[in-house]
Amino acid sequence: MVVFFDPGLMTARLDLEAPRTVPDGQGGATVAWEVMLSLWARIEPVSFVVAEQAAAETGTISHRIWVRFRDGISAGQRFRKGARTFLVKLVHDLDETRRYLVCQCEEETR
């Protein structure tokens, strides 16, 4: 099954970030995010879940993010668009033609 997708719909400019462990000087480490590259993408909201944490209402929005196929994008990385971040949960080549990648992502809201 070949999927038709209009690349003209890729109108969001995103930075792909990868986690990097940085020693904190006391035997532990913190995670810093390092920009790997910038790319054009299509962001499609999929679902929204509201939760309560410590008497505050929070939510998680699921997104499907389409990008041109490239090696090096994997779960555990994230996309950034300004102040918004999208944690990559799953990456797959939908029709196995190596044209596009579809990334299942979560955006946390506060």
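Here is a short chat about how some labels on this predicted model are earned.

Me: Why is Val31 called exposed?
Reply: Its relative accessible area is 55%, and exposed means over 50%, so Val31 earns the label. You will find Val31 in strand β2, which covers residues 29-53.

Me: What makes Val31, Trp33 and Leu87 a nonpolar patch?
Reply: Nonpolar side chains are joined into a patch within 5 Å, provided each residue has over 30% relative accessible area and no salt bridge. Val31, Trp33 and Leu87 form such a patch on the surface, with about 250 Å² of accessible area together.

Me: How do you know that Cys103 is buried?
Reply: Buried means under 20% relative accessible area. Cys103 has 0%, so Cys103 is buried. Cys105, at 2%, is therefore buried as well.

Me: Why do Cys103 and Cys105 not count as a disulfide?
Reply: Their sulfur atoms would have to be within 2.5 Å. The sulfur of Cys103 is 5.2 Å from that of Cys105, its closest cysteine sulfur, so the gap is too far for a bond. The structure as a whole holds zero disulfides.

Me: Which residues have the most contacts inside the largest nonpolar core?
Reply: They are Leu14, Ile65, Val67, Ile73 and Phe79, in a core of 15 residues. Strands β1, β2, β3, β5 and β6 each give two or more residues to this core. A second, separate core has six residues, including Met10 and Trp66.

Me: What does Ile65 touch, leaving aside residues up to four places away in sequence?
Reply: Among its partners are Leu14, Phe79, Cys103 and Cys105.

Note on methods:
Residues are numbered from 1 along each chain as its sequence is written. This is a predicted model: local features need pLDDT of at least 70, side-chain atom pairs count only at pLDDT 80 or more; totals for chains, interfaces and linings use all residues. Side-chain values use heavy atoms; hydrogens and water are left out. Patches are made of residues with over 30% relative accessible area and no salt bridge: like charges are joined within 9 Å, nonpolar side chains (Val, Leu, Ile, Met, Phe, Trp, Tyr) within 5 Å. Accessible areas come from the Shrake-Rupley method with a 1.4 Å probe; for residues, only the protein chains shown count as cover. A salt bridge is a side-chain nitrogen of Lys or Arg within 4 Å of a carboxyl oxygen of Asp or Glu. Helices (H or I, at least four residues) and strands (E, at least two) are DSSP runs, numbered from the N terminus. Buried means under 20% relative accessible area, exposed over 50%, partly exposed in between (1.4 Å probe, protein chains only). A nonpolar core is a set of buried Ala, Val, Leu, Ile, Met, Phe, Trp, Tyr and Cys residues joined through side-chain atoms within 4.5 Å. Contact means heavy atoms within 4.5 Å.
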